[in-house]
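Reader: I am new to this structure and would love a close look at a single part of it. Could you choose one helix and walk me through its surroundings?

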Amino acid sequence: MLPQPIQELLNILHQQGPLTEGIFRRAASGTAFRELKEALDSGADVDLGSQPVLLLAVILKDFLRSIPGKLLIVDLYGDWMQAMEKPSKQVEELKVVAGKLPAANPLLLEQLLSLLQHIGHNASTSRMSCSNLAVCVGPNLLSPPNEDLLLLEAMLEVTEKVKMLVEFLTENCREIFGEKMAGLSSPSAEEVPAPMGRPTELPLEEQRGRAGKAAMEHQAKAFLDTPPSLLVLQKAAGADTVVGSETAEAPIALPPATPETTVDSPVRAEELKSLSEEKSFAGSRQKTGNQRKRKRKVAWAEERECQQDKKRSKIEKEGVWKKIRQV
């Protein structure tokens, strides 16, 4: 019999694999993979049923890759390839080669091929045909003895041959292994249990906790209470203004508004214009330079207004989503 964790893993993949898009192709979290692998290697009691299906598929591929001499046996590479070169007798020839496998290998090979066939025959939901599965799993099952010495072109040719072998074994596993596969039934798509619901992500404020939520609300309120023209006046007066990136995690906290600094948005350009005109004289050599500066300031003010509107809209949307989540 197979080790209990491997048998349980195969059973779960047999149930959930056909319902999982990109099974055996899509990657899983590297951290989760290392933690689960270490737990299994240490013999810890792991609830595999609570693990993501994609992660279990990666664990199975890693297990296959770690089998000394590969599951299909490196020394039998030539025999497998010769059997595939006889189209009229492929099934019979492959039966002969399969009979040369060590007694333990067919136990896993038969269940693996049954699993791949089951997933491949439900490609409408898994998006993985038998050919796709052979590409992803094949290199973990067989390689030539001199793999490390092969050039790139030769390695690509080997990879294609192994892919064709694994695809053929998957599609014809019941004919090749006969009665041994009788107990490995593949339920139809109707018999496969419904997919389990995926856990939804926690709202941002729940992830950060109460302190993070209060800080975010305070910063958002300070930002909304600040008049749009305050930044323009600070810039015109020569004050240093720090502007954060739009991709920053938290909104920028700005000074509170006061009646003296509150100025309506439409008069921004006029304020900048008057500030520059007071320092210039008609007909002076500075007139042209001052006009350029005035144009730059007006353009800067318009750009600043646009950026503030975007940030204000972003914060307002976050507030709406908070209310929706609370409901």
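Author: Let's begin with confidence, since this is a predicted model. The chain has a mean pLDDT of 73, and 56% of its residues reach 70 or more. Helix H8 has the highest mean pLDDT among the elements, at 97, while helix H12 (residues 229-236) has the lowest, at 36. Over residues 186-285 pLDDT stays under 50, although the model has 107 contacts beyond four places in sequence for this stretch. Where pLDDT is low, the predicted coordinates should not be read in detail.

For your close look, I suggest helix H3, which covers residues 53-66. Its length is a friendly place to start: with 14 residues at 1.5 Å a residue, H3 should span 20 Å, and its end C-alpha atoms are indeed 20 Å apart, so expectation and model agree.

Next, its setting. Of the 14 residues of H3, 10 are buried, so the helix is largely enclosed by the rest of the structure. Those buried residues are Val53, Leu54, Leu55, Leu56, Ala57, Ile59, Leu60, Lys61, Asp62 and Leu64. What covers them includes helix H1 (4-16), helix H2 (30-41), H6 and H8.

One of these buried residues, Asp62, deserves a pause. Asp62 counts as buried because its relative accessible area is 17%, and the cut-off for buried is under 20%. Leaving aside residues up to four places away in sequence, Asp62 touches Phe33 and Lys37. With Lys37 there is also a polar contact of 3.2 Å between the two side chains.

Now to the nonpolar side of the picture. The largest nonpolar core holds 57 residues, and Leu13, Phe24 and Trp80 touch the most other members. H3 gives the most to this core, with 8 residues. As for Trp80, its contacts, not counting residues up to four places away in sequence, are Leu72, Leu94, Val97, Ala98, Leu101, Leu142, Leu165 and Leu169.

Two of those names lead us to another helix, since Leu165 and Leu169 are among the buried residues of H9. The buried residues of H9 pack against helices H4 (77-84), H5 (90-98), H6 (105-120), H8 (130-137) and H10 (173-177). You may recall H6 and H8 from the cover of H3. H9 (residues 152-171) passes the length check as well: its 20 residues should span 28 Å at 1.5 Å a residue, and its end C-alpha atoms are 29 Å apart, which agrees.

Conventions. Residues numbered from 1 in each chain as written. Predicted model: local features only at pLDDT ≥ 70, side-chain atom pairs only at ≥ 80, totals over all residues. Heavy atoms only, no water. Helix = DSSP H or I, 4+ residues; strand = E, 2+ residues; numbered from the N terminus. Expected span 1.5 Å × (residues − 1). Buried < 20%, exposed > 50% of the residue type's maximum accessible area, 1.4 Å probe, protein only. Contact = heavy atoms within 4.5 Å. pLDDT = per-residue confidence, 0-100. Core = buried A, V, L, I, M, F, W, Y, C linked by side-chain atoms within 4.5 Å. Polar contact = N/O pair within 3.5 Å; in protein donor to acceptor, adjacent residues only side chain to side chain.
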